[in-house]
Amino acid sequence: MRGDKETTNWLNKSLMKQARQKKLSIIAVGVLSTVAVTVGYLLYLYRGQRNPNIRDVKPKSKCYVLTQDLFDKIENWQEELSKDSVMLVLPEVAHLGNHLKLQLSSIEHKIVIFNNSSAVWSAVRHLKKYELVISRDKTSDMPVDLRRYVGQISHI
Amino acid sequence: MSRIVKEYMGLQKRLQTPEFSWISFLAPVDDDDLSEWVCRFQGPSESPFEGFELGLNITIDLEKYPISGGPRVLFEPRTVAHPNVKWDTGEICLDLLKDAWTPIYTLLDVVGAIRDLLADPGLDSPLDLDIAQIYDADYEAYVQIVRYRLEEARLARV
Amino acid sequence: MTSLDDYNFELSEDDEYYQFVEDSDYESDYSSGKVLKVDESFQGSDDLRLRYKSLSTNELYDDVMERVEFVRTITQLSTDSMIILLRLYGWNEEKLLEDYTENPSEILEKGGLIVPEHCKKRDLTDKPHYTCLICCDSYSKVPVFRMECGHEACINCYRTYLTSTLKKPKAPTCMSCHLSITSSDIDRIFGNKEFSKKHICLSFETFINKHSKNYKWCPYTGCGNIIYSNNESTLNEMLKRHKIPEVECSNKHAFCFYCSTEVHTPSDCKIAQYWIQKVRDESTNLNWILNNTKPCPFCGTSIEKNGGCNHMTCQSCHSEFCWICDGKWAIHTDNYVCKFQNEKKDNTINKSITKRFTDGYKMFIVHENSSDLDLKLAGTIESKIFTLQKELGISWIEGQFLSESIKILLHGRSVLKWSYAIGVFCDPSHNLTHILEQNQTMLSNAVESLSLKIQIKDPKVLIKSKAEFHDASSLVNGRVVALEKCCQELLIKGICKLEAI
């Protein structure tokens, strides 16, 4: 009940806090405007210096959900996984995962083979990579809330 | 106050005993200030953490320790994927660090309990729900995710 | 058969009101009587009152001790042990008794009450040349508390330790094992009885959680009073009839017993709870309106709203405008209907629930902020009364009309505010919904005009307007009643139905 008490405070106006608020708001306005100006200036500086290619230089992290389809479409996995990327192998294509692990022994830790497909989606949520790469036929199995955990979803 | 001083004085000697051979480092950041500590230790054997060295940042409220509160302990952020560890911050959910703390515990007990937690997660109070679900549904995948995260963190450090 | 004119008969002294009704487009609805039957049950529900009492923490302590004593007579344990077990069970007496009868020794073990046999009894004795194992301090002489388990520590450690365990729901234990420390031990260590009582009082959080049906904390910040009521049949009847189980603690804080929130008349508990949740989710999206400054719509000067009234006058260009719709105030003066509300009326029929929510939410927040500012004004009322006394020789009693008015103003705002929650869930095509909107507009008018009066600074003008204060206040009161009745009927007839947004 004490929890409720706090959350309902916004409704229950206490007389006491009113007096304080004005003083606080003056300070807050001061602090905020200083911060805003500083941030604005820094952004301005940053923009000025920024190399237009900077986005291309720092690769976006990717999370691949491996299916037969995706396996066939991408040729150079060594290249794809060399960046900040990870591969989640669906249970039905575990053999492909094992095959890739052998082939790409130097980066085999980036390949995670699953026995349970619901765990794959949990892993996508945990990993929070920028881009989720998934083949079109698997899209329907994907939980809807997944979109909130990745920056973009690419259907291949 | 004198309690932490006493722990500090006897610590290096105890660390050399075989019982604590798995701790590679445990010391204050600054010898004049016993409130900030760092620790490095080997992941427990027969767990996904075996073969990796893990880092802890420990903060002690010298006013409270040990009677009114234990140390505050965090893993190095973004290294440990574990049901009871918050990935982004390294926060640890361990009853000994919270309600179950009693003044008889020492820093070494705390580090030991954290190491035990790595090998044996408490699934009833997960901090990282996704990892807890993977652990529960697919242990082998859990092991691979943990090692992927540790490996990446190790590569980032080099 | 009763016509809707019944909504208004409290206002019979108010001519302006009747004129408005006659001029209104809804006149036919008022007189037709078809839609406007008043239910029997609705009329008879006014006498429902929740029986309750307000308790301080100390009074609750006595109540709880009585309950402990009662359970103790069943188990035949000591009071100390009983308190420890009840705290362990989060004050769930039934469950404890059930488990205890089944397996007493297991429960005693869980409670840390099984003392090792053939051991020295726990004691607090002075020890010379003692080094405490917990704090590692050495003393030439210090009292040491030792339990049957053999674990011991100096009195300073124990005092700090017990203070730090104050807030935990469970009773404290030995620092090294599960043996419980009893209230008598605590009294002995601190040398007085206050501390163990404090220990128990702080565990009331869990007690009240456990018995939340009958006990509620007063939700006002820092109050700490508790309301007790076991009048469940009345409570259920009130909920069924959309009545709010309003209670008041001994600090005169009124709140809804069922929701533990401010009194949300005329909204019923179901709608209020949904609304609060919804508003909480929404407040991050729509907090633009929370802002207390905005540029003058005519000259752009930033204007701060410093009272609850929505009639704004720009200090720079002297334009008068409405805070809600930014429109010229002149168009508002006769039977104040703001553009925003007009807009709302125009397309009520095909307005989706989401749109209705956004509009209702906006009005809710506007009036919530206004009542914030009115509260601020209320804070200055005492000094105003004082000025009246000093400068004009008015007696304190005579000055009370100001405090009275502000109370009525705040109540009016609250009713108005919560009526928007009702409005959102009403069938927009129904006649009674239109009548609700009329009533809202009229209460809004009355409230704004009272709010304006309260902002008067000059003491002479204030005292001269005393009669006007009285009129404005009774106008608000009357319209509050009318609006409340209208909302009640909407709820009872099911025209207002909670639906997901």
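Biologist: Hi! What pattern does chain B follow when read along the sequence?
Modeller: Chain B goes α-β-β-β-β-α-α-α, which comes to four helices and four strands. Those elements are DSSP runs numbered from the N terminus, with helices being H or I over at least four residues and strands being E over at least two.

Biologist: Before we go on, what kind of model is this?
Modeller: It is a predicted model, where local features need pLDDT of at least 70 and side-chain atom pairs count only at pLDDT 80 or more, while totals for chains, interfaces and linings use all residues. Residues are numbered from 1 along each chain as its sequence is written, and chains are lettered from A and ligands numbered from 1 in the order in which they are written.

Biologist: Cool. What share of chain B is made up of buried residues?
Modeller: Of its 158 residues, 36% are buried. Buried is 20 or more other C-beta atoms within 10 Å of the residue's own, exposed is 12 or fewer, and partly exposed is in between, with C-beta atoms placed from the backbone.

Biologist: And which residues of α2(B) are buried?
Modeller: They are B:Leu107, B:Val110, B:Val111, B:Ile114, B:Arg115, B:Leu117 and B:Leu118. Looking down the axis of α2(B), these fall within an arc of 155 degrees, so they line one face of the helix. The arc is that of the directions from the helix axis to the C-beta atoms.

Biologist: What covers them?
Modeller: The cover of α2(B) includes α1 (2–15), β1 (23–30), β2 (33–42), β3 (53–59) and β4 (72–75) of chain B. Contact here is two C-beta atoms, placed from the backbone, within 7 Å.

Biologist: Switching to α4(B): how far apart are its end C-alpha atoms?
Modeller: They are 27 Å apart, which agrees with the 27 Å that the 19 residues of α4 (residues 139–157) of chain B should span at 1.5 Å a residue. The expected span is 1.5 Å times one less than the number of residues.

Biologist: What covers the buried residues of α4(B)?
Modeller: That cover includes β2 (85–89), β3 and α7 of chain A, together with α3 (129–137) of chain B. Among the buried residues are B:Tyr142, B:Ile145 and B:Arg149.

Biologist: So chain A joins in. How many residues does the contact take from chain A and chain B?
Modeller: It takes 14 from chain A and 15 from chain B. On the chain A side, α7(A) gives the most, with six residues. By class, that side has six nonpolar, six polar and two charged residues. Nonpolar means Ala, Val, Leu, Ile, Met, Phe, Trp, Tyr, Cys and Pro, charged means Asp, Glu, Lys and Arg, and the others, Gly among them, are polar.

Biologist: What about the contact of chain B with chain C?
Modeller: Eleven residues come from chain B and eleven from chain C. The chain B side divides into four nonpolar, four polar and three charged.

Biologist: Last one, at what angle do the axes of α4 and α5 of chain C cross?
Modeller: Helices α4 (residues 57–75) and α5 (residues 79–88) of chain C cross at roughly 105 degrees, their axes coming within 10 Å. Axes are lines fitted to C-alpha atoms, for helices over the stretch in contact, and angles run from 0 to 180 degrees between N-to-C directions. α4(C) and α5(C) are therefore roughly perpendicular; that class covers 65 to 115 degrees, with under 35 roughly parallel, over 145 roughly antiparallel and the rest oblique.

Biologist: Which residues in α4(C) and α5(C) meet?
Modeller: C:Val68, C:Val71, C:Arg72 and C:Thr75 in α4(C) meet C:Thr79, C:Met82, C:Ile83 and C:Leu86 in α5(C). They divide into five nonpolar, two polar and one charged.
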